[in-house]
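Reader: I should like to understand how the terms used for a structure are justified. May we go through some of them together?

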There are 2 protein chains.
Amino acid sequence: MGAESDVSYLTTDKVAVMGAAGAVGSNLVQALISTGTANTVAMYDPYGPGLEGAAEEIYHCAFPDAQVTWTTDAGEALDGAAYVLSSGGAPRREGMTREDLLRGNAEIAAQLGQDISQHAPDAKLVVIVFNPADVTGLVTLVHSGLPPQRVTTLAALDSTRLQTRLAQHFGVAQHRIVGCRTYGGHGQEMALYKGAIQIDGVPLNDIVNAGSQANGVGLDADGWQEIREHVLGGGARVIKLRGRSSFQSPAHLTAMMVRAACGGEPFEWPCGAFVTGEPYTNVMMAMPTTLGPGGVAWRLPEGDADERAELDAAYVHLQHLRDETIGMGLIPSVADWGSVNRHLAG
Amino acid sequence: MGAESDVSYLTTDKVAVMGAAGAVGSNLVQALISTGTANTVAMYDPYGPGLEGAAEEIYHCAFPDAQVTWTTDAGEALDGAAYVLSSGGAPRREGMTREDLLRGNAEIAAQLGQDISQHAPDAKLVVIVFNPADVTGLVTLVHSGLPPQRVTTLAALDSTRLQTRLAQHFGVAQHRIVGCRTYGGHGQEMALYKGAIQIDGVPLNDIVNAGSQANGVGLDADGWQEIREHVLGGGARVIKLRGRSSFQSPAHLTAMMVRAACGGEPFEWPCGAFVTGEPYTNVMMAMPTTLGPGGVAWRLPEGDADERAELDAAYVHLQHLRDETIGMGLIPSVADWGSVNRHLAG
């Protein structure tokens with residue numbers, strides 16, 4: 001049986017999963033262990049009975065060599081954690097925008113950052129999964145005291161939803177759609193970079209702009225706009241179909257981010273990164289990134305003028321959300337970040 | 001990114017997951033693919049919107065080289081399937097026993113068996129996950145026309161719950177508890193074979209009967225009885241704690257059964273097997289089993305007189321459930337099984 005076999009995990013470092021009684025968190029624990037990514041997992045949630053029930057389910061899986069604990073004490077879960085993964089915000093309900101969640105979840109993020117600062121100051125990677133992730137990730141970073149490359153967000157879902165929709169439109173297997181990438185914010189503020197997209201080897205731009213076909217199917221500008229709208233509504237659509245917000249895909253993709261950070265297979269989807277310099281500075285946004293043992297490294301994406309304009313607009317929006325959060329008193333003014341997190345000084 | 005990497009799966013044969021909109025089924029699809037077990041999955045559920053939502057979540061995971069379809073047509077899902085995994089019964093609610101579900105789920109099982117007979121007559125393995133699994137598995141087998149070694153049930157959960165509870169009692173890592181096995185029925189009808197159980201290398205029988213200790217902890221007969229009761233109530237306890245019946249552990253363990261059937265790591269927990277001969281015949285029950293490409297092979301367990309008495313009692317109970325199902329007209333009398341499934345003749 002599993003419990004008696006030889007198995008190996010990419011890391012035996014402690015992984016703290018915050019919000020582990022929830023749908024994303026409990027799935028994430030299962031995903032981390034079952035994919036052989038991590039075996040040492042501390043499950044935290046303020047809701048004790050649900051947490052114990054979720055932990056029991058993990059125990060009943062009888063994962064070989066797993067070391068899984070659960071606690072309603074965030075500090076205990078975080079103590080010495082190398083990886084901190086948090087889906088522990090309030091979930092988005094049907095009709096809510098990510099921004100509706102801003103204040104409540106930014107408060108949770110601020111507390112998480114402070115807890116990380118106190119209990120997990122050597123964390124190798126923090127992944128924030130709860131919305132609006134660009135802001136909650138930033139707030140966590142500021143308060144955590146960690147170097148910016150150690151804090152990221154789940155930012156892949158818009159891209160995988162785009163890949164999904166293109167596969168459906170062209171009737172080709174999903175893995176034959178490559179290069180789908182959205183950057184900047186999420187939802188209405190995503191910047192859709194389509195220059196690298198190929199369908200069965202045919203550049204999407206050739207299809208939309210020059211009438212080429214893939215698998216005998218074309219796509220005109222209106223059709224492309226419809227696909228774009230479909231992707232923008234991807235999260236809301238899952239809620240409508242399923243009666244609950246996405247949980248399997250965020251959990252799985254977060255586990256894959258941890259794999260990459262542990263030196264496993266590369267994670268080539270966009271991740272959230274704290275950007276500084278020109279033209280974007282002092283926000284967290286989805287960018288072309290590389291995840292590895294050193295954390296998250298970002299670079300500017302290559303796109304055309306329209307795509308850059310979308311990214312610029314996303315940046316303006318993210319600055320606005322950041323400043324709103326500053327106005328709420330949840331993080332200091334940018335000039336004062338260094339007083340909370342020395343890695344963000346000047 | 002995942003979609004562009006080289007990956008391999010244990011099987012590329014078609015796997016039909018019935019009840020794929022449900023909590024067990026949707027988790028099972030994710031588990032099959034994310035563990036590299038299977039990449040070709042047909043998701044079936046009568047509830048279309050929930051199914052589409054569950055399928056979208058799987059697509060949004062962007063599993064490399066996955067071929068996942070969804071349909072509300074059971075025949076389409078089963079057509080040519082090599083593996084058929086069904087959690088598609090009505091779930092057990094708080095306060096319900098497995099037996100309360102008998103009629104409704106046995107009807108579903110009869111239809112599934114007929115559908116398999118028509119659409120997947122060459123199935124390599126059918127795993128029935130919905131309760132009461134000993135009966136639904138038997139009903140499916142009779143109607144499927146498959147050889148008995150090709151139909152099994154998830155029967156591991158009582159054993160993994162026992163392992164969990166012993167780990168908690170003795171304060172040792174779960175994988176240091178080996179040999180936990182329950183056979184026969186489930187819940188009140190499980191036969192708990194404890195002769196092979198060791199805690200950190202110490203036989204449980206030495207602890208309970210001779211006052212030995214493991215990790216400095218003992219266990220007397222009353223304490224052992226409490227653990228046994230705890231295991232018997234394991235499923236109800238998850239429902240109470242979590243507000244829903246177990247779904248992660250049944251899904252994960254079912255995926256591990258498929259792995260073993262595909263030639264992957266052995267699955268050494270008990271599985272349901274159709275038994276014939278002496279002393280047990282013409283029921284499906286949890287037994288010591290080996291799963292492999294040839295299906296499920298069973299043998300009689302070795303136990304003491306008390307354990308054999310428990311297994312005898314489970315057998316009597318399972319005969320009763322079988323006969324109740326016959327009385328409902330959902331399967332023919334035992335003597336007539338051969339007219340429906342030639343592999344069960346005489």
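Author: Let us begin with strand pairing in this predicted model. Strand β1 (residues 11-18) of chain A and β4(A) run parallel and are joined by four bridges.

Reader: What makes β1(A) and β4(A) a pair?

Author: Pairing requires at least two bridges between two strands. Four bridges join β1(A) to β4(A), so the two strands count as paired. Among the partners, A:Ala16 is matched with A:Val84 in β4(A).

Reader: How do you know that β4(A) and strand β5 (residues 125-128) of chain A pair?

Author: Here too the test is at least two bridges. β4(A) and β5(A) have four bridges, in the parallel sense, and therefore they pair. In β5(A), A:Val126 is the bridge partner of A:Val84.

Reader: Which residues point each way from strand β4 (residues 83-86) of chain A?

Author: A:Tyr83 and A:Leu85 point one way, whereas A:Val84 and A:Ser86 point the other way. All of these residues are buried.

Reader: Let us turn to chain B. Why is B:Ala23 called partly exposed?

Author: B:Ala23 has 19 C-beta neighbours inside 10 Å. A buried residue needs 20 or more, and an exposed residue has 12 or fewer. The value for B:Ala23 lies in between, so B:Ala23 counts as partly exposed.

Reader: Where is B:Ala23 found, and which residues does B:Ala23 touch, not counting those up to four places away in sequence?

Author: B:Ala23 is found in helix α1 (residues 23-34) of chain B. With those sequence neighbours left out, B:Ala23 touches B:Arg244 and B:Phe247.

Technical notes: Residues are numbered from 1 along each chain as its sequence is written. Chains are lettered from A and ligands numbered from 1 in the order in which they are written. This is a predicted model: local features need pLDDT of at least 70, side-chain atom pairs count only at pLDDT 80 or more; totals for chains, interfaces and linings use all residues. Two residues are in contact if their C-beta atoms, placed from the backbone, lie within 7 Å.
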